[in-house]
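Here are my notes from a look through this one. Have the viewer open while you read, and tell me if anything looks off.

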Amino acid sequence: MAISYNNITYDKIMIPLRDKLRTEFKGALPIYFDSQFKDIGTKSLRIFPNSQSLQERRTKSYINLYDMEMTYYLRTNRDDEKALDQMYKDVTRIETILLENRNGGSIPYFYAGQPTIEHNVEETDLSNILVAKINVPVLYEEVHQTFGRFITSNDKFFVLSNGSFYIVEN
Amino acid sequence: MAVSFTNAWKVNVEETIQNAVKNEFTGSVPIFRTPNFKFRGNNFMTISALDSFSNNSMYSVIPNTFNLQLTYYHYDSKRNDLSVKKFFKQISRLEEVFYSLLGVSPSYSFTVQSINYEDDDEMEGFRKAIFNVQVSNIR
């Protein structure tokens, strides 16, 4: 019998963050999930986690810290203050949305700290583009249902709830 | 008379993890212990031992802590939201499988210290999740 699990990173972290931003920007800022830049318009926001790390282990749950990175792209041929101002304006708006949604409501995530922002990031192979990175640390606690999955029958065999054996070689 | 011993790295750590993954994924995510890495398909895992140390004990048991790295390779040719979802679904499932090992024995402890996400430099299209794992075990 397969174990039951949640798609934590995607369903509990990435989707809620994206939906909050989508609600605010509507169609004006396309948002996508990937580890690499996609050329999908004048402006876009890419969301992807860098890593996750264990913060606390409890008897039947664990709390992880997810380092979420959002990369804002603005394609422009302008090399002046107006282009910069557009980027600053959008990034500040994103930051404000994050600050106003510090917890997930029905989904129990919350930010472990304030978002950090890095402007004018150089990304290789990209020209005529302004890039800013917004990092937000997100905490999420996952409760286990499966600690009692194995029932000891002797030192070597563990019986699953459907009666089949799980064997630990010894 | 030769000393009686258990190959702890192999039996207590790596094969326990291999068996758990094989049991859950039934062949769809092959998992290898290998000193020489090579690509084995579109979805696979490798186990690499990092280090181990003995914890102090006044009893006639050997408590050890093992650090190892599990790398999950996932080929993603589509690179869209759904394919990203599938990748993270596998990660969460693996994480849950590892924590389910806590039920094996009270003397067995397993923690996923961190997971780093990156694209593979060598093979284009492969996503990687690098699990840094700590196993404590008494024998």
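1. A term first: strands here are DSSP runs of E at least two residues long, numbered from the N terminus, and two of them pair if DSSP finds at least two bridges between them. With that in hand, look at β5(B), where B:Val133 is the bridge partner of B:Val112. Keep in mind that this is a predicted model.

2. What does the pairing around that bridge look like? Strand β4(B) and strand β5 of chain B (residues 126-138) run antiparallel, joined by 11 bridges. Together β4(B) and β5(B) make a hairpin, with 6 residues between them. In the turn, B:Gly125 has a positive phi of about 100°.

3. Strand β4 of chain B (residues 108-119) also pairs across the chains: 3 bridges join it to strand β2 of chain A (residues 43-58), and these two run antiparallel. If you want a spot to click on, A:Ser51 stands opposite B:Asn116 in β4(B).

4. Now chain B as a whole. Its secondary structure comes to 2 helices and 5 strands, in the order α-β-β-β-α-β-β from the N terminus on. The C-alpha trace spans about 55 × 30 × 25 Å along its principal axes. Chain B has 139 residues, and 31% of them count as buried. Take the contacts in chain B between residues at least 6 apart in sequence: 48% of these join residues at least 24 apart.

5. Over to chain A, and helix α1 (residues 8-25). This helix has 18 residues and reaches 25 Å from its first C-alpha to its last, close to the 26 Å expected at 1.5 Å a residue. Where does α1(A) bend? The place is A:Met14, the angle is about 35°, and a proline, A:Pro16, follows within four residues. Just after α1(A) comes A:Lys26, with a positive phi near 55°.

6. Which residues of α1(A) are buried? They are A:Ile8, A:Thr9, A:Tyr10, A:Lys12, A:Ile13, A:Met14 and A:Leu17. As background, an α-helix has 3.6 residues a turn, so residues three or four places apart point the same way.

7. Last stop: A:Tyr88, in helix α2 of chain A (residues 81-100). Why does A:Tyr88 count as partly exposed? Because A:Tyr88 has 15 C-beta neighbours inside 10 Å, while a buried residue needs 20 or more and an exposed one has 12 or fewer. The C-alpha atoms of A:Tyr88 and A:Ala132 are separated by 8.7 Å, with the two residues 44 apart along the chain.

Conventions: Residues numbered from 1 in each chain as written. Chains lettered and ligands numbered in written order. Predicted model: local features only at pLDDT ≥ 70, side-chain atom pairs only at ≥ 80, totals over all residues. Contact = placed C-beta atoms within 7 Å. Expected span 1.5 Å × (residues − 1). Bend = angle between axes of the 7 residues up to and from the residue.
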